[in-house]
Amino acid sequence: MKRVPDNKFSFLGTEERIRKLINSLRVGVLLQGPETEILFSNNAALSILGLTEDELYGRTLFHPEWNVVHEDGSPFSPSRHPVSTAIKTKKPVSNVVLGVLRTATKDRVWLLVNAEPFLDNKGEVKEVICSFSDITEQKAVEAKMMWLYQSLEKRAMELATSNAELERFITVATHDLQEPLRLVSSFTQLLKIKYAKQLDKQANEYINYAVEGAARMKKLILDLLQYSKFNGNKEGFDATDMNKVLKDATEHFSKDLRDTGAKLIVTPLPTIDANTSLMTQLFENLIGNALKYRNGNSPVIKIKYKEEKDHFLFSVSDNGIGIAPKYWEKIFLLFQRLHSDNGSGEGTGVGLAICKKIVGLHRGAIWVESEEGKGSTFYFTIAKDQNQVYEKV
Ligand code: ADP
């Protein structure tokens, strides 16, 4: 360190010089005797503690007005005060947090305290320098942050519990519904087969409605059951060749692709860290929708991807009926449907909700951009690093 030349403050006496220096500090400084009595204070200490020199000098740590407390609010025994400890152990004590009451304003000031003992020739403590900074504001910010963090954690726990409960409810409800539904479905079909000739046209029509209703309910239950299976477990993640995934997904639709004269335009896709069967399901749902919601022309489905810094961005676009902007977010919710499909069996509004869950499980997002009557493009991202977890702050 560069030494300040002695003559720099030569217009001041040594003691006055030191006093000026100590008073210019923003840290509170107290000089205390062997009984902890205060012998000297700088200006910062007076202003932090809210006392005058007359009020402060001679006070010891045992003065009842200090009302010294630990961070948790419990009383601070004077014998464990950093100054007492420095006197007892003859060693410096650092970074002790304590709260004292400011007499005039009756508010609590939080201090970060250090104590340094000065020993005489015989090795006895002559004086202690106690220095401290006011950390009241910092403590208030910390307390606010802690409160925010705890309420966030509580909210996350509540959400996780209610999600888990909802999923359990869906699974139980759907399982329990299957048996009575199977009865309704098989008996209405029996009714149709056995008594069709004996009943009039209107009765047959009613039976048909009942059969169709039961079939639709079965589909809804099966889709709901499938939705509830995605419970957020990150299992089966591996290097996944998306070209192979796409091939498997399109095989599922080979007949529909042929029948509709659909054209599939695909650029070579990457290998990514993902769950292969979930990726297949994702492409199946999106390609299935591109075929279902066609607009009368032969479907043209384009599948592309782009590599970004920390994720892959995939897109599946079609030339179908399109979606009005006000529904771009809604369609990803469970059971949200806008149009009936083109006769390939009624949808249930579960497919895109499943896509959203799959993408979420891969630390990604899914969204749509579309022009009514012209077509839609579904975008989804998949994070490159599937192992990253968010650290607690
Ligand atoms: P489902 O197809 O069983 O109804 P989805 O969750 O897959 O359920 O889709 C929700 C709704 O979003 C559909 O009912 C449809 O109105 C709309 N939609 C989905 N994909 C497309 C698409 N490619 N083009 C136009 N509309 C679509």
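Let's start with the rings: the structure, which is a predicted model, holds eight aromatic pairs. Take the one made by Phe283 and Phe314, an edge-to-face pair with 6.5 Å from centre to centre and 85° between the planes. Those two values are the usual way in, since a pair of aromatic rings is described by the distance of the centres and the angle of the planes. What does this pair tie together? Phe283 sits in helix α9 while Phe314 belongs to strand β10 (residues 311-317), so the contact links parts that are 31 residues apart in sequence.

Strand β10 takes us to the sheet it belongs to. This is an open sheet of five strands with mixed pairing, and its order reads β7-β9-β10-β12-β11. Which strands stand at the edges? They are β7 (263-266) and β11 (366-371); each has a single partner strand, so one side of each has no neighbour in the sheet. On average, neighbouring strands here are turned by 15° against each other, if you ignore direction.

Have a look at the β11 end. Strand β11 runs antiparallel to β12 (residues 375-383), and six bridges join the two. If you want a spot to click on, find Val368, which stands opposite Phe378 in β12.

Strand β12 also turns up around the ligand. The ligand is surrounded by 20 residues, and the closest are Tyr293, Arg337, His339, Thr348 and Leu352. Sorted by class, that shell has eight nonpolar, nine polar and three charged residues. Now for the polar contacts. A polar atom in the side chain of Tyr293 lies 2.7 Å from an oxygen atom of the ligand. Arg337 has a side-chain N or O atom 2.6 Å from a ligand oxygen atom. With Asp318, the ligand atom is a nitrogen, 2.8 Å from an N or O atom of the side chain. How much of the ligand does the protein cover? On its own the ligand has 530 Å² of accessible area, and the protein covers 98% of that. The elements giving two or more residues to the shell are α9 (276-292), α10 (351-361) and β12. Helix α9 is familiar by now, as Phe283 of the aromatic pair lies in it.

There's another sheet to visit. It is an open one of five strands too, in the order β2-β1-β5-β4-β3, but with antiparallel pairing. Its edge strands are β2 (38-41) and β3 (93-102), each pairing on one side only. Neighbouring strands in this sheet are turned by 30° against each other on average, direction ignored.

Walk across from the β2 edge. Strand β1 (residues 28-32) and β2 pair in the antiparallel sense over three bridges, and Leu31 has Phe40 in β2 as its bridge partner. At the other edge, eight bridges join β3 to the antiparallel strand β4 (residues 107-119), with Val93 opposite Ala115 in β4. The hairpin of β3 and β4 has four residues between the strands, and Lys106 takes a positive phi near 60° there.

Strand β4 then pairs with β5 (residues 125-134), antiparallel again, over nine bridges. Here Val113 stands opposite Phe132 in β5. Which residue has a positive phi in the turn between β4 and β5? It is Gly123, with a phi of about 85°, in a hairpin that has five residues between its strands.

Key:
Residues numbered from 1 in each chain as written. Predicted model: local features only at pLDDT ≥ 70, side-chain atom pairs only at ≥ 80, totals over all residues. Heavy atoms only, no water. Pairing = 2+ DSSP bridges. Axes fitted to C-alpha atoms, helices over the stretch in contact; angles between N-to-C directions. Near = heavy atom within 4 Å. Polar contact = N/O pair within 3.5 Å; in protein donor to acceptor, adjacent residues only side chain to side chain. Areas by Shrake-Rupley, 256 points an atom, 1.4 Å probe, with all protein chains shown as cover. Nonpolar A, V, L, I, M, F, W, Y, C, P; charged D, E, K, R; others polar. Phe/Tyr/Trp six-rings, centres within 6.5 Å; stacked < 30°, edge-to-face > 60°.
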